[in-house]
Amino acid sequence: MAFDPRDSFGTNVGNNPGNQTVNPGQSRTYTYYAHPEYGELAAMIQDWGNVVENPRNGLFGSVIIGPKGSTYRDPVTGEDVSLKSSWRADVIVDRTIPGNDNRQNYRSFSLMFQDEDNIIGVSFMPYIQQSAGISTVNYRSEPTAYRVEKGCTVAEVFSCVKAGEAPATPTLTAHVGDQVAIYVLGVFSEQVQLFTIDGHEWPHEPYMKGADLVSTMEFGGSEVINAYLHGGAGGPNKVVGDYLWKNQRPAFMNAGQWGLFRVLPAGDRQILPLTPQGPETRTAEADAPGEPARTSVSGAAQAVPVR
C-alpha cells in the first residue's frame, strides 16, 4: 500500500521527523492508500517498534484490498463485516461503478503463516525431521501428532473425527464454482515455506495475461501470495468435496500448518450463496392413496445487496 514515510512508516528511519512508534498505552493514526496502480492485493501489517520479538509474539495482521465500492459480509450469518476484522468474507461487488461491470462476487480468505524454527533444513546430520517452536496459521495449529494421540491412524489423520469434526485451523468453505481468492501471508518466518491446495491452481502472476498456473508456491517471511483459484472452487471440473491446503514442507505440515478447503454443492445452506437465490420449493406428493395431493413452499429468497 502507498503511504507517506514522514508520518506513516511505522518505524524511525534516517531523518524522518518525530517518533513513529507507539509506546504502551498510547495510540497513533497511520494513513495508507490503496493505490489503483497496485491493484487488488493483500498488504501485511507488522510491528516495527521491536521487529525482532513482537511479530514473533503475534503482533501482525493484514489489510485486504478489493474492488472499489465493494461490501464485505460474513458467509454464514450475512453480517456486514466491512469495518470489522475477519479472516474470511464474501466480497459483494458494486457493478454500477465503472470497471466493475463484468466482475463477479467472490469468497475471500486470509491465511497468516507463522513459524520460528531457524535450524531445520540446514546441512548437518542427522537431519532434523520435526520443527521446533511455534507453527501456526491465523494463530491456530493442528499437529498431526495430536490427532494420532486422539486415536487417529496415520492413514486417516486428515479425515479422522476423533480429534473433532474439523481441525482447529481455518476451514475455507465455498459453493462449487464460486470465485475464490486466497491470500497467504508469511507474517513471521525463519524459513522459506511452500503453500499448496490440492486439486486447484492459480496464476503465478495474477495480473499478467497468460501467466503460468501453479499449484504450489514458495513464500518467506514478509512475503505474500495472491492466489485467485483457476476455475473457482472445485477447479475447472467443478468437483465437490474436501480438499487439503497446507505447508508443503512435511515438518511444518505435521507441526500443524494445514487445514481443509470444503467445496459444497451449489445451494448448500451451510453458507450463503454469492448470487440471489429463489425460495425453496417442493414437488407435490400424495400422502396416502385417495387423498388430494398437497404442495408446500418454505423458506425465503436470500437477496444479496448490489448497489
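Contacts and salt bridges, value against criterion

User: In this predicted model, which residues is Y139 in contact with, leaving aside its neighbours within four places in sequence?

Analyst: Once those neighbours are set aside, Y139 is in contact with G58, F60, M112 and Q114. Y139 itself lies in the loop that runs between strand 6 (135-137) and helix 1 (144-149).

User: What makes the approach of the Y139 side chain to the backbone oxygen of G58 a polar contact?

Analyst: The side chain of Y139 reaches the backbone oxygen of G58 at 2.8 Å, and the cut-off for such a pair of N or O atoms is within 3.5 Å, so the distance meets the criterion. The backbone oxygen of F60 is also reached by the side chain of Y139, at 3.3 Å, and that value likewise falls within 3.5 Å.

User: Why is Y139 called partly exposed?

Analyst: Its relative accessible area is 47%, and because buried means under 20% and exposed means over 50%, Y139 falls in between and is classed as partly exposed.

User: How do you know that R6 and D4 form a salt bridge?

Analyst: The side chains of R6 and D4 meet at 2.9 Å, N to O, and the criterion asks for a side-chain nitrogen of Lys or Arg within 4 Å of a carboxyl oxygen of Asp or Glu, so this pair qualifies. As for accessibility, R6 has a relative accessible area of 54% and is therefore exposed, whereas D4, at 26%, is partly exposed.

User: What makes K84 and E79 a salt bridge, and why is E79 called partly exposed?

Analyst: The side chains of K84 and E79 meet at 2.2 Å, N to O, which is within the 4 Å that the definition allows. E79 has a relative accessible area of 37%, and since this value is neither under 20% nor over 50%, the residue counts as partly exposed.

User: How do you know that the salt bridge of R262 and D242 links distant parts of the chain?

Analyst: The side chains of R262 and D242 meet at 2.9 Å, N to O, and the two residues are 20 residues apart, with R262 in strand 15 (residues 258-264) and D242 in strand 14 (residues 241-247). Both are partly exposed, because R262 has a relative accessible area of 21% and D242 is at 46% relative accessibility.

User: How many salt bridges does the structure hold, and which residues are linked in a network?

Analyst: The structure holds 10 salt bridges, and a network of salt bridges links R73, D90, R107 and D178.

Definitions and conventions
Residues numbered from 1 in each chain as written. Predicted model: local features only at pLDDT ≥ 70, side-chain atom pairs only at ≥ 80, totals over all residues. Heavy atoms only, no water. Helix = DSSP H or I, 4+ residues; strand = E, 2+ residues; numbered from the N terminus. Buried < 20%, exposed > 50% of the residue type's maximum accessible area, 1.4 Å probe, protein only. Contact = heavy atoms within 4.5 Å. Polar contact = N/O pair within 3.5 Å; in protein donor to acceptor, adjacent residues only side chain to side chain.
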